[in-house]
Amino acid sequence: MLSKTLNYTFKEKADERFIVARLDLFDRFYCLRIDLQLWESYLDIGLQQHLWPDRLYTIAKTNDFENCHQYLLNHINDLKINLDQYQMELDRQSQSCPITTLSLDQIDQRLNEFVICQRKYLLMKNNNQLLKFKDNFHDQDLFKTVSTFRLTTDRVTNAYINQLLLIREKQGEIYEELLMLEMRILCKFLPQNFDQLQYFITPITYSPLNNNQKAVQVKNKCYKIILEAKRSWLNIFFYACEIKMQAYDSQYQNTFLQLESQSIVTNNVNDSSISNQIKEYLIYRTNKLKQDIYKRVYNSLSYVLGPSCIRLNQSATRPRKQQEILIKKEHKNIDQKVVHHLTSQPNNIPVKSRILKTYSDDLLNYFNHSYFSPLTYKNEIQALEQARTALSIRRKLKKSNLILRVTDKGHNFYIGSAIEFDKKVQKFFQDTNAFVILEENPFNEILDKVIHLLNRLYGKKLILRWQYNKMMPDRTKSELAHLYFNPKTHKDGIPVRPIENTMRAPTTNISNFLDEIIRPIFDNKCSTTAIIDSASLIKELDKYAKRGLLKSSTLFCTFDIRNLYTMLPQQEALNILVEFLHVHGYRKVKGVPLDTIRKLASIVLERNVCVYDKQIYKQVLGGAMGSSFTLTLANIFMWKWQKELVRRQDMTGEFYGRYIDDIFMTWNRSENDLKKLLDDANTWHPNIKLEYKISKSLPFLDVILTNNNGIFSTSVYHKPAAEPYVVPFISDHPRHTFVNVIQTSLTRALRNSSTFEILNNERIYIKLTLLYNGYPSSFIEKQFQNFFSEYINSSSFLPFIDNETQFVTMRNKILNLPTPRQSQVSISAATADIDNDQTDEPQNEPTATAATAATTTLVERNKKEHACGNKLIVHYTHEKRFQTFKSDMHQVYDNTFKDTPAADVKLIVGNKNHRSAKTELICKRPKQSLLINKPFKSKPSKVEIHTD
């Protein structure tokens with residue numbers, strides 16, 4: 001570590017001994033200096049208050065103010081003498097430095113930085129000590145006030161105050177027990193009685209012969225049952241503790257009301273100031289009690305590996321040369337953005353201005369300082385261990401021929417046999433008949449056809465120049481799409497879902513353009529049958545219930561379309577697309593005729609070629625799942641298919657809503673009639689097959705909808721196969737990410753919970769989930785406090801609302817606010833009929849080159865930036881060690897451009913993240929040679945289909 005800190009390789013033992021001895025002196029000197037700063041702060045604060053805290057009187061062994069003052073002066077003087085001695089020793093040692101390749105100043109600077117980094121916790125410790133020092137004065141003032149009041153009141157009043165303090169102590173005992181269990185959860189070390197739960201399940205004495213896969217499934221199912229049992233027990237325990245705490249809170253509030261009444265009767269006056277002082281004292285004692293419990297119960301963090309987890313300080317474990325490359329890249333990205341913004345209107349700073357060069361140099365110096373500053377020993381060990389863990393996982397996967405994927409809709413890791421997984425993939429190919437294998441790579445052919453089509457359409461003035469440029473692919477960056485599969489662990493047999501990465505495919509720009517101009521029309525014209533999210537569904541069903549249509553016998557039905565994206569007949573889907581636009585009165589969309597839209601959509605569907613497992617496939621049925629336009633096309637196809645269902649539901653006043661390929665509807669006739677209707681709907685189209693469920697309580701999206709004897713009830717839905725996983729607290733994400741996780745979970749819980757009891761159950765589930773993922777108890781409590789702050793009673797011991805009225809008020813407020821998705825759809829729908837007949841066109845003719853397209857796109861982006869005001873947005877790659885990076889970036893900018901017009905620019909520093917475990921551990925991308933045009937041959941020409 002020292003060698004890395006100094007950027008120097010020790011060649012002689014004498015060099016190493018010198019550095020170690022000098023480091024020890026610097027360390028002792030630094031610790032003494034920090035200690036001196038603390039005692040000097042004690043002296044300043046004590047003289048200002050003319051009072052010393054109790055602990056200081058104890059240390060000085062005196063109760064006299066002046067004697068204690070003299071003790072402080074003597075101690076400070078001793079510390080200064082010791083500091084001078086260490087400084088003299090450092091000066092004496094510097095005369096015998098054996099290292100010649102580094103100057104003594106360089107050595108001292110780097111050793112000083114190393115000591116400051118390793119002893120950073122001392123500054124935090126000093127700050128906490130000073131806060132306690134000041135807090136002690138506040139404690140003494142409150143105690144003096146309340147003591148004076150108690151001396152002048154009767155015994156009954158004193159008894160009430162004592163009773164209030166006793167209630168808090170009892171709550172503290174429960175709270176400490178709760179925190180101890182939370183700490184055990186964080187440490188993955190539950191009490192021994194939890195191990196007894198597994199004995200309630202009969203031991204597995206049978207294991208299937210010659211079927212390892214089946215044996216693994218049986219063991220996994222057994223493990224899952226035991227795990228769920230332990231989580232259920234934890235849920236019950238937390239709920240029981242909160243019930244006790246709420247009972248004591250109620251007792252506390254009643255006792256305090258009696259105290260206030262007694263004070264009024266005794267003093268014959270309604271003195272609110274005395275009441276407030278007592279309340280402040282009791283709140284202070286409560287907070288102090290909780291802080292003391294937190295000190296006794298230590299919260300530790302465990303490493304929770306999951307798809308979204310990012311290893312800590314990834315660049316710090318890399319060799320210095322790799323870090324220099326990273327620094328150069330980060331510096332270049334930010335410097336170019338700053339230069340581009342400041343040299344453009346309205347700033348107009350000359351490109352070769354000296355001030356821009358100064359900023360670039362200062363920025364580079366800051367990056368070097370940040371990247372090469374030493375890590376604390378703890379952080380370096382963590383970074384190295386996590387890097388080794390990731391490497392070990394990759395090796396084991398390869399050695400055992402295992403496959404790692406993220407579960408579909410569950411967002412957890414799935415580990416299985418690569419051979420078994422491939423069998424599931426081949427079964428998908430056989431069942432859908434949607435893909436055929438190609439013998440040659442058609443990349444160049446597809447790219448030429450796309451460019452030729454766009455040139456022809458623009459030459460005939462069927463598309464505008466900005467549309468032409470927007471759809472033109474970049475030949476230097478284009479490549480074939482690649483196909484991968486995610487396991488559907490929430491379904492029997494664990495089938496797979498195909499997903500195509502089409503980000504660089506030749507037709508992607510056309511797909512994005514079509515989605516951009518057509519989706520607003522769908523959002524606008526199909527709003528009555530489209531379900532935006534679970535919040536919009538809850539609102540619609542609330543309206544349904546208020547109209548008196550929800551009866552005790554009302555049934556709910558959900559069904560989804562099997563493999564909708566890959567089962568769309570391409571030509572029929574294109575016909576329906578044109579029909580949809582024609583029916584709603586469109587002859588052009590953003591100036592593009594319907595026939596041209598069909599041609600563009602046709603090339604997106606018909607030229608969809610992808611790579612999977614060293615084979616090149618062409619999709620002959622449906623569209624790419626992962627392509628933006630496929631989603632819109634599927635929605636429009638379902639608009640046509642569902643017309644008869646919608647008509648029948650409208651006739652009877654029943655609800656019908658669809659979220660892509662998932663449908664929810666209500667029913668007030670017999671269940672047999674509903675089944676008959678759905679079985680009939682299964683015959684309406686050969687490619688559309690339904691899988692339906694009928695009940696009075698069903699899950700849909702992330703909510704469970706229940707008809708409880710004519711009363712509409714909702715709660716949050718957690719898929720049985722999904723694990724309670726969120727972004728782990730140990731992950732190298734910015735701090736606000738963890739805050740957002742909690743705020744989002746609580747908002748969803750409040751929105752989807754129809755009763756106070758349901759909310760409380762979900763809140764406990766959220767808290768346990770956060771603990772499973774390493775979130776400290778103190779952090780959870782603080783965020784819960786912030787979320788419920790407007791509705792929490794000041795006397796509550798724990799941060800949650802304690803009655804139904806508060807819950808209803810808060811829930812109605814959230815339900816009346818649009819969700820981000822609802823706002824997005826609303827904005828999209830509002831643009832459906834804007835500029836659909838535009839014909840104005842710039843006179844400059846484009847050329848069919850990627851360079852022209854890229855240049856025009858850059859110009860458009862610049863115009864967009866200027867339209868947003870004089871704001872400059874830059875991004876850096878976040879790491880835990882760069883905690884002050886945002887404020888430091890502002891400081892570097894302000895120091896350079898102060899007193900210049902550029903100081904008026906609003907600098908916004910955002911962040912991007914390193915690769916997550918999902919990206920780091922899962923390899924889905926084929927070799928580059930398959931994605932571009934190189935000769936490739938395969939034996940079969942089509943996917944073999946076996947029929948039994």
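## The five-stranded sheet

In this predicted model, five strands form an open sheet in the order S3-S10-S9-S4-S5, and their pairing is mixed. Strand S3 (435–438) and strand S5 (496–501) stand at the edges with a single partner strand each, so one side of each has no neighbour in the sheet. On average, and with direction ignored, neighbouring strands of this sheet are turned by 40° against each other.

At one of these edges, S3 pairs with strand S10 (residues 615–619) in the antiparallel sense over four bridges, and Leu-438 stands opposite Ile-616 in S10. Helix H13 (residues 418–432) packs on the sheet, where it touches S3, strand S4 (481–487), S5, strand S9 (609–612) and S10, and the direction of H13 makes about 110° with that of S4.

## The four-stranded sheet

Another open sheet has four strands in the order S11-S12-S6-S13, with antiparallel pairing. Its edge strands are S11 (656–659) and S13 (690–695), each of which pairs on one side only, and the twist from one strand to the next averages 15°.

Strand S6 (residues 555–561) is joined to S13 by six bridges in the antiparallel sense, and within this pairing Thr-558 has Lys-693 in S13 as its bridge partner. Helix H23 (residues 671–681) packs on this sheet, touching S6, strand S12 (662–667) and S13, and its direction makes about 170° with that of S13.

## Helix H7 and its contact with H25

The axes of helix H7 (residues 155–186) and helix H25 (residues 756–772) come within 8 Å and cross at roughly 45°, which means that H7 is oblique to H25. On the H7 side the contact involves Glu-182, Ile-185 and Leu-186, which meet Lys-767, Leu-768, Leu-771 and Tyr-772 in H25; the residues of this contact divide into five nonpolar, no polar and two charged.

What span should the 32 residues of H7 have at 1.5 Å a residue, and how far apart are its end C-alpha atoms? The expected span is 46 Å, and the end C-alpha atoms are 46 Å apart, so the two values agree. Just after H7, Lys-188 takes a positive phi of about 55°.

## A salt bridge between distant parts of the sequence

The structure holds 34 salt bridges, and one of them joins Glu-723 to Arg-231, with the closest N and O atoms 2.9 Å apart. Glu-723 lies in the loop between strand S16 (711–716) and helix H24 (735–752), whereas Arg-231 lies in helix H8 (residues 212–267), so the pair ties together parts that are 492 residues apart in sequence.

Technical notes. Residues are numbered from 1 along each chain as its sequence is written. This is a predicted model: local features need pLDDT of at least 70, side-chain atom pairs count only at pLDDT 80 or more; totals for chains, interfaces and linings use all residues. Side-chain values use heavy atoms; hydrogens and water are left out. Axes are lines fitted to C-alpha atoms, for helices over the stretch in contact, and angles run from 0 to 180 degrees between N-to-C directions. Helices (H or I, at least four residues) and strands (E, at least two) are DSSP runs, numbered from the N terminus. Angles under 35 degrees count as roughly parallel, over 145 as roughly antiparallel, 65 to 115 as roughly perpendicular and the rest as oblique. Contact means heavy atoms within 4.5 Å. Ala, Val, Leu, Ile, Met, Phe, Trp, Tyr, Cys and Pro count as nonpolar, Asp, Glu, Lys and Arg as charged, and the others, Gly among them, as polar. The expected span of a helix is 1.5 Å times one less than its number of residues. Two strands pair if DSSP finds at least two bridges between them. A salt bridge is a side-chain nitrogen of Lys or Arg within 4 Å of a carboxyl oxygen of Asp or Glu.
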